[in-house]
Amino acid sequence: MTLFDLAVKNIRRNMKSYSLYIGSTVFSILIYFTFATLKYSNDISGAAATSKQIQGVMGAAAFVLMIFVAIFILYSNSFFMKKRKKEVALYSLLGVRKRSIGCLLFFENMVIGLLSLIIGVVLGFLLSRALLSILLKLMGLDVVAGFTFSTGALINTVIVFFIIFLVTSLMGYRVIYRFKLIDLFHAEKKGEEVPKARIVTVFLGVLALAAAYVIALQDLMDSQVWQALGLATPIIIIALTVIGSYLLFHSVLVYVLSALKRNPRWAWKGLHMMTASQLLYRIRGNAKTLTIITVLSATTITSGGAVFGVYYNAEKNVEMYMPYTFMWEGDQQTIDPAIIESEVSFNSKMIRVPLASYEMEYAVIDESTYQTLAKNLEWPEVQKLQKGEVFAIDAYFDERWSDKLESVNINDTDYKVAKFFDQALFNVGTLGANAIVVPDQLYEEMDSDEKLLQAVNVIDYKKQREVSDKLAASTENFSSATADYNSSIESLGALLFIGSFLGLVFLVATGSIIFFKMMTEAEEDKAKYAILHKIGVSNKDMKRTIRGQVGVIFIAPLLLGLLHGGVALTAVSNLLMMDFLVPVVIWMVAYTLIYAIYYIATVYNFNKIIRRSYSEG
Amino acid sequence: MEPLLLVKNVEKAYGKGTNTFNALENISFEIDHGEFVGVMGPSGAGKSTLLNILATIDTPTSGDILIGPDNIAKMDEEKLADFRRDHLGFIFQDYNLLDSLTVRENILLPLAIAKKKPAVIKERVEEIAATFGISNLLDKYPYQISGGQKQRTAASRALISKPKIIFADEPTGALDSKSATDLLESMSALNEKHEATIMMVTHDAYAASFCRRILFIRDGRLSKEILRGRKTRKEFFQMILDELSQVGGETNDVI
Ligand SMILES: Nc1ncnc2c1ncn2[C@@H]1O[C@H](COP(=O)(O)OP(=O)(O)O)[C@@H](O)[C@H]1O
Ligand SMILES: [Mg+2]
């Protein structure tokens, strides 16, 4: 029997910790390969009109994914190596040269890499087909996904992961070289100093976060910060958030825990003291992990929420500027009367209105047309014009930069704008966003070219593609809610898919990082819990302590991540002027639920490790 | 005859600058081939530090340590690894067994590392397991056996390659008295019958009474040395107790 045989045996019997590591690498490869396959797929690029954009987004997403996957594998690898420290130390103690141990680990890691690559690619191939179908559905394209194997994706994946595995293998080699035998004997004894909470750090942490939030929530258009810092602003916001989160974990947690521990009424009840001490003892190491988890959570929540929010708003957005399904200039066309909900034929003139520094073109309609159009759109109150009054409409109105029209001069008479509407009365695409409603008689008197317009509302407008295409070919200045909706769903669907895909990957990885972290802690805490068991602490109390210890690590970054995400999404929704509340709440609840599943799994496994240790020992 | 182990002016300092703490100061002694030497002293005296340095696990700040012709204080790491493999055996308080290997596999690990032939390995494993009375446990896993049996497994592993010298740090520290006696008797038998050279750190007078000679260490310095000579183990035990009460060491502290 050689050392190699023993090492192989060791792998077989340690399958659990190996499978955790192999699982992480397979997962990473699976995800990356799937994504690469989608990126290289002809189905998407061929089918979607907006494919150039989608390709660009996909390329950027693939890059983010690559960085992320690399970090994730590095993290799993270092967790895996930590678990094997004992084995490595024993080999070294028994006189195996470091070079041989290094080679063994290097070789092993490369084999694991190769194995994962094969499994990951096969699974990824199967998964990509399923995902492709989902993607095409979300994009609203009726194409059957082909079952083609993408060589480009394969080559791309192999190169990326070969580099990642080479790096982790070399890092493993370096760990061996820096490792000193004596560390093994001191590892557990080396107590970290219990950190002191400094009020200055608490203050700085809160300050950094507050600053980040204030800057983020500023109005892009008239914020002085944005003007001063320009494009560096988002980077500064992110940096402040990361630093603030770190300081917060680093000192606020210490502060709270120390205060709790000093309070006998809380601390001396059951195992509270123990929970607080455990957390306090490792706070330094935990602050970093907690910050990473917070940032990952915030990223996932923000990007997912934003994409989901935009997708959710797509319909509203289209209907906002395209209140009529079809509109065009010219004569009536034949449309199947069965699908028509309402139909208006009206005239419009043009007028140029001089504003402060420029001239603006307004479409002019008479009051009876306004009343028909508004009634069709079910506007709540359809007012009547009084003498000397007009109404104004600006569908793009935004108080931040639009001027409100106060009065207009038509035929040398000033008319007061009695009411101002900031929503579209007809399709912006055909007649523009600005309109003035004048009394019928004034309309007649106006001297300007007149054009004939048609506005039609049909039932089930999203599906009337054929009608839309036919009209588009035979009319002028045609605008169609059907076409707009479908093309925005096409690109937003892809965006939604990429967003949820990345969100899911981040979520899984975030959960796994906490899971790895807690399993490491469980191994380290075994002895302490064994002592508790020996002095007669009940299983129930022990479980409660574990739930608390794990709970803080889960909840603290989740809450902070949700807060960061909430602020970021508020900023995004302000910027896009969309109401994100419903989709964001849905998304946050979903995120929290999946996160909770991780918590339960972690507590379960933590318990298992502790129980095994004292039933053995 | 040349001593097997020669320790000359060994010092060990921890920390830096004004914070230095001398864990070992000016330690010199010898151990001959076939000796069973105990090292005693109050906790924090530097016993483990000394043993780790002799066992090449740690390095001294200054001084020389000669095992045969080799000065291990001056060897590079690769050579030290070879040296450990070929000449040293270790038993620690926590057994350092690999949970994923059977008792047999744990024991034969050093021979596998030294690339011995399977037939030789098999024979040696059975021989050493018989000495420690664990022949019937060979195919069990560490989690299936008791603490005492684990420690005997670790001792078997330490001895299987017939090392020149065996280092043991509180090997009975975590054992009940029956298991401790079994282990100490086996070690003593190995020492007497096979002339194994053993150096054992302990703070238990009972465990120390199995040794032939005892070095006392206090605040990092050698303070006294006593020999068993022709006395019985019981008499020697009494002598150690007297000695401990004289130097004021703790006779009954735990761990
Ligand atoms: N890595 C270290 N860093 C600093 N001081 C140490 C270290 N290891 C041991 N010491 C100190 O050296 C002294 C001797 O320790 P040790 O040899 O473990 O004592 P013992 O005789 O109980 O085995 C103790 O005071 C201990 O605190
Ligand atoms: Mg000690």
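These are my notebook entries on two backbone angles and one ligand site in a predicted model.

**Entry 1, B:Asn26.** I looked up phi for B:Asn26 and found a value near 50°, which is positive in a residue that is not glycine. I noted this because most residues other than glycine have a negative phi. When I checked where B:Asn26 sits, I found it in strand E2 of chain B, which covers residues 21-31. I then asked myself whether B:Asn26 is buried or exposed. B:Asn26 has 14 C-beta neighbours inside 10 Å, so I recorded it as partly exposed.

**Entry 2, B:Glu195.** I found a positive phi again at B:Glu195, about 55°, and this residue is not a glycine either. B:Glu195 lies in the loop of chain B that runs between helix H6 (177-194) and strand E8 (197-201). Its count is 10 C-beta neighbours inside 10 Å, and the limit for exposed is 12 or fewer, so I wrote down B:Glu195 as exposed.

**Entry 3, ligand 1.** I turned to the surroundings of ligand 1 and found 12 residues there, with B:Tyr14, B:Ala23, B:Lys47, B:Ser48 and B:Thr49 as the closest. Which chains do the residues around ligand 1 come from? They come from chains A and B, and therefore I noted the site as shared between chains. In chain B, strand E2 and helix H1 (47-54) each supply at least two residues of this shell, and H1(B) gives the most, with three residues. Sorting the shell around ligand 1 by class, I listed seven polar residues, four nonpolar ones and one charged one.

Conventions: Residues are numbered from 1 along each chain as its sequence is written. Chains are lettered from A and ligands numbered from 1 in the order in which they are written. This is a predicted model: local features need pLDDT of at least 70, side-chain atom pairs count only at pLDDT 80 or more; totals for chains, interfaces and linings use all residues. Helices (H or I, at least four residues) and strands (E, at least two) are DSSP runs, numbered from the N terminus. A residue is buried if 20 or more other C-beta atoms lie within 10 Å of its own, exposed if 12 or fewer, and partly exposed in between; C-beta atoms are placed from the backbone. A residue is near a molecule or strand if its C-beta atom, placed from the backbone, lies within 6 Å of it. Ala, Val, Leu, Ile, Met, Phe, Trp, Tyr, Cys and Pro count as nonpolar, Asp, Glu, Lys and Arg as charged, and the others, Gly among them, as polar.
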